[in-house]
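Me: Could you take me through this model one question at a time, with the reasoning set out before each answer?

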Amino acid sequence: MSEPLGLAVVGCGNISNQYLKNLTRFPDVQVLFCADIDSDRAKAQAAAYDIPAAGSVEQALDHPGVGLVVNLTTPAAHAQVATAAVAAGKHVWNEKPLTLDVAAGRQLLERATAAGVRVGCAPDTVLGAGIQSARRLIGEGGIGTPLSALTLLQSMGPEGWHPDPAFLFAPGAGPLFDLGPYYLSTLAVIFGPATRVAAVSRQARDTRTVGSGPKQGTEFPVQVPTYTAALAEYAAGQAAQLLFSWDSPLARQGFIEITGSEATLAIPDPNRFDGDLRIRRAGDGDWTVIPSAGAKAGRGMGVVDMARSMLEGGPHRASGEMALHVLELMTKIEQSGASGQFEPVETTFATPAPLSLEWDPHAQAA
Ligand SMILES: NC(=O)c1ccc[n+]([C@@H]2O[C@H](COP(=O)([O-])OP(=O)(O)OC[C@H]3O[C@@H](n4cnc5c(N)ncnc54)[C@H](O)[C@@H]3O)[C@@H](O)[C@H]2O)c1
């Protein structure tokens with residue numbers, strides 16, 4: 001039996017609860033340290049999840065037992081925290097997006113390569129039972145030759161329920177950057193890298209109004225497109241149409257259909273780890289439901305896959321390279337919405353191998 005990989009969780013906010021709940025139950029990893037710029041938050045999360053130590057980011061990076069930093073800070077801090085971890089010789093798992101811009105993401109990956117450490121990135125929903133079942137079914141020829149995809153994310157937007165939503169309508173967010181990683185990463189693991197994108201963007205309103213909490217009734221500016229209709233072409237020949245809208249009275253999200261030469265497959269919500277698949281072949285009068293199979297343990301599965309890949313010497317699946325590609329896709333989609341031109345995509349990545357049905361983060365791998 002090898003020792004579990006020592007982890008430091010940096011950024012002890014909202015999403016750290018999901019990570020800490022899971023990572024403290026996966027035997028291949030061991031959370032040794034909680035860090036945050038708000039040291040009270042770090043201490044509170046360490047106490048709540050029985051983590052032995054808490055403190056500053058510097059202390060986390062000095063900890064000799066920590067081999068990998070789980071970076072759950074807000075997007076603006078992703079590059080800075082991850083770069084410091086790499087400089088300290090630690091592997092890094094970043095929450096999405098990898099960084100705020102492509103140049104910073106590229107620099108992070110170059111520094112990690114030079115330092116001989118790995119970078120992984122959310123969303124690891126692509127390792128969940130729902131998307132992995134789709135991946136396996138398509139890989140076994142279940143829809144014939146994969147040809148195209150249609151994804152839909154539409155609603156009136158989050159300001160109705162979110163108590164402090166202004167940042168979601170500022171640069172770096174909007175429906176494309178906030179939720180695009182789930183849809184684009186799913187297509188990335190199924191189709192591989194994209195080669196060019198185009199988009200039309202709109203913004204229905206200049207201001208919005210907070211709908212709940214202490215700021216209810218307060219107006220704030222909308223600074224980014226709230227409707228983006230995008231096209232993507234993939235190196236393996238497929239095409240995709242993607243809609244990201246917070247300007248729609250009709251709410252419909254988690255919609256991904258992959259059409260092949262023999263059948264159309266409806267994939268479960270890419271922001272979840274499970275859910276049924278549905279398939280419809282030419283001539284079928286209705287959908288046939290296919291339950292998903294495989295691990296559905298939730299956030300942190302990508303960290304376990306990193307730990308196991310290091311032991312085995314192979315590549316991890318939710319890679320920094322794939323996350324950089326997804327970041328470039330979102331950036332180029334945004335650019336195309338402004339320029340009206342198709343935008344070429346330069347980055348690429350090795351399409352990750354599917355997980356086996358037996359893969360289980362709750363088991364001890366080695
Ligand atoms: N909240 C969700 O439901 C959710 C879901 C999926 C992904 N995410 C992603 O997770 C990340 C964190 O989101 P969140 O909702 O937990 O945010 P949050 O604001 O609740 O927590 C972020 C934490 O990071 C800390 N922090 C910020 N800068 C730091 C720095 N330089 N050094 C150390 N600590 C720092 C903050 O003090 C805060 O405690 C984001 O990238 C987000 O996109 C969030």
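What follows is a set of questions and replies on the ligand site, an aromatic pair and some backbone features of this predicted model.

Me: How many residues surround the ligand, and how do they divide into nonpolar, polar and charged?
Reply: The residues closest to the ligand are N14, I15, D36, R41 and K96, and the shell to which they belong numbers 21 residues. Sorted by character, that shell divides into 10 nonpolar, 6 polar and 5 charged residues.

Me: Which helix gives the largest share of the shell around the ligand?
Reply: The space that the ligand takes is the largest pocket. Of the residues in the shell, 4 come from one helix, spanning residues 75-87, and this largest share belongs to helix α4.

Me: What share of the ligand's exposed area does the protein bury?
Reply: Oxygen atoms of the ligand take part in several polar contacts, including one at 2.9 Å from a backbone N or O atom of I15 and one at 2.6 Å from a polar side-chain atom of D36. An N or O atom in the side chain of R41 likewise lies 2.6 Å from an oxygen atom of the ligand. Taken alone, the ligand exposes 820 Å², and the part of this that the protein buries is 77%.

Me: Are the rings of F169 and F220 stacked, edge-to-face or tilted?
Reply: A pair of aromatic rings is described by the distance of the centres and the angle of the planes. The count of aromatic pairs comes to 4. For F169 and F220 the centres are 5.4 Å apart and the planes stand at 50°, and because stacked needs under 30 degrees and edge-to-face over 60, the pair is tilted.

Me: How many residues apart in sequence are the parts that this pair of F169 and F220 ties together?
Reply: F169 lies in the loop between β7 (146-154) and α7 (174-191), whereas F220 lies in strand β10 (residues 219-221). The pair therefore ties together parts whose separation in sequence is 51 residues.

Me: Which residue does a cis peptide bond join to A122?
Reply: Most peptide bonds are trans. A cis bond joins K96 and P97, with omega about -10°, and P97 is found in the loop between β5 (91-94) and α5 (102-115). Another cis bond, with omega about 5°, joins A122 to its partner, which is found in the loop between β6 (119-121) and α6 (129-139); that partner is P123.

Notes
Residues are numbered from 1 along each chain as its sequence is written. This is a predicted model: local features need pLDDT of at least 70, side-chain atom pairs count only at pLDDT 80 or more; totals for chains, interfaces and linings use all residues. Side-chain values use heavy atoms; hydrogens and water are left out. A residue is near a molecule or strand if one of its heavy atoms lies within 4 Å of it. A polar contact is a pair of N or O atoms within 3.5 Å; within protein, one must be able to donate a hydrogen and the other to accept it, and residues adjacent in sequence count only if both atoms are side-chain atoms. Accessible areas come from the Shrake-Rupley method with a 1.4 Å probe; for residues, only the protein chains shown count as cover. On a 1 Å grid over the protein atoms alone, a cavity is a set of points where a 1.4 Å probe fits but cannot get out, and a pocket is an open set with protein on both sides within 12 Å along at least five of seven lines; lining residues have an atom within 4 Å of a point. A molecule sits in a cavity or pocket if more than half of its atoms lie within 2 Å of its grid points. Helices (H or I, at least four residues) and strands (E, at least two) are DSSP runs, numbered from the N terminus. Ala, Val, Leu, Ile, Met, Phe, Trp, Tyr, Cys and Pro count as nonpolar, Asp, Glu, Lys and Arg as charged, and the others, Gly among them, as polar. Rings of Phe, Tyr and Trp (its six-membered ring) pair if their centres lie within 6.5 Å; planes under 30 degrees apart count as stacked, over 60 as edge-to-face and the rest as tilted.
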